[in-house]
Amino acid sequence: MTLAIFDLDNTLLAGDSDHAWGEFLVEEGFVDARSYSEANDRFYQDYLNGEMDYMKYITFALEPLSANSVDTLKEWRADFMEKKVRPMLLEKADALLNRHRDLGHTLMIITATNRFVTEPIAEVLGIEHLIATEPEMRDGRYTGRIVGTPSYQDGKVTRLNEWLDTYRKSLEGAWFYSDSHNDLPLLKQVDNPVAVDPDPKLEGYATREGWDVISLRG
């Protein structure tokens with residue numbers, strides 16, 4: 001089995017689903033517009049800079065989940081998929097996924113964004129295996145906390161290794177596609193790292209290392 005692993009936001013999507021979910025909540029009036037928008041933008045900039053305090057961010061991001069029923073959240077998410085996610089889908093990403101399928105590779109998304117937001121996106125993309133940060137549920141409601149290791153930076157390596165151990169698979173011949181320098185820990189672990197529309201820090205590193213640099217935009 002050869003794994004073809006993909007980051008999601010700004011890699012397979014022309015945008016960031018986590019940030020877009022926050023924008024959606026603001027635009028629909030489900031959260032306080034000013035304070036939530038400011039925090040959402042601040043955390044996103046910290047992420048781009050590689051300076052985000054992930055645990056503070058995930059507490060912020062999961063608060064709307066814990067404050068509302070799952071039925072309500074699913075209604076919001078369906079609307080979010082149509083208004084925010086579908087415009088971010090990329091034809092070149094679909095073509096890339098299909099090339100790996102034709103080669104018989106096993107496709108996986110690994111993302112720091114939580115499973116509530118990303119699970120339906122993985123379904124739309126036709127990718128069975130998803131490693132995402134896992135929101136905790138108790139008695140049919142989200143608690144606002146997470147379960148296990150968040151799949152962010154080095155945590156992606158930890159979570160992937162757990163998956164490999166569970167399914168008795170290896171990284172031999174694996175591919176990993178990402179746009180972000182936050183994913184360097186995992187990019188360095190695979191035989192075929194690929195920078196996709198990379199941020200400046202990742203582009204510089206990929207160029208020095210002789211990694212492939214591609215674009216799925218346009």
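Begin by selecting α2 (17-27), α3 (33-48), α4 (54-66) and β2 (106-114), each of which supplies at least two residues to the lining of the largest cavity. Keep in mind throughout the tour that this is a predicted model.

With those four elements displayed, colour α3 separately, since the largest share of the lining of the largest cavity, four residues, comes from α3. Next, show the side chains of Asp-16, Asp-18, Tyr-47, Ala-112 and Thr-113, which among the 19 residues lining the largest cavity are those that lie nearest its centre. The space in the largest cavity amounts to about 210 Å³, and the count of cavities of 30 Å³ or more comes to one. If you colour the lining of the largest cavity by residue class, you will find eight nonpolar, five polar and six charged residues.

Now hide the cavity and turn to the sheet, which is open and consists of seven strands in the order β4-β3-β2-β1-β5-β6-β7, with mixed pairing. Select β4 (141-147) and β7 (212-214), which stand at the edges: each has a single partner strand, so one side of each is left without a neighbour in the sheet. As you rotate the view, note that neighbouring strands of this sheet are turned by 30° against each other on average, direction ignored.

From the edge at β4, move to its pairing with strand β3 (residues 129-138), where four bridges join the two strands in the antiparallel sense. Within this pair, select Met-137 and you will find it opposite Tyr-142 in β4.

Continue to strand β1 (residues 3-6), which pairs with strand β5 (residues 175-178) in the parallel sense over three bridges. Here Phe-6 is the residue to pick, as it stands opposite Tyr-177 in β5. Staying with β5, look next at strand β6 (residues 192-196), which runs parallel to β5 and is joined to it by four bridges. At this pairing, Trp-175 stands opposite Asn-192 in β6. While you have these strands in view, it may help to recall that strands of a sheet pair through backbone hydrogen bonds, either parallel or antiparallel. When you add side chains to the display, remember also that in a regular strand they alternate between the two faces of the sheet.

For the last stop, select helix α6 (residues 91-102), which lies across β1, β2, β5 and β7. Viewed together with β1, helix α6 runs at about 165° to that strand.

Technical notes: Residues are numbered from 1 along each chain as its sequence is written. This is a predicted model: local features need pLDDT of at least 70, side-chain atom pairs count only at pLDDT 80 or more; totals for chains, interfaces and linings use all residues. Side-chain values use heavy atoms; hydrogens and water are left out. Two strands pair if DSSP finds at least two bridges between them. On a 1 Å grid over the protein atoms alone, a cavity is a set of points where a 1.4 Å probe fits but cannot get out, and a pocket is an open set with protein on both sides within 12 Å along at least five of seven lines; lining residues have an atom within 4 Å of a point. Grid points are joined across faces, edges and corners, and a volume is the space filled by probe spheres set on the points. Ala, Val, Leu, Ile, Met, Phe, Trp, Tyr, Cys and Pro count as nonpolar, Asp, Glu, Lys and Arg as charged, and the others, Gly among them, as polar. Axes are lines fitted to C-alpha atoms, for helices over the stretch in contact, and angles run from 0 to 180 degrees between N-to-C directions. Contact means heavy atoms within 4.5 Å.
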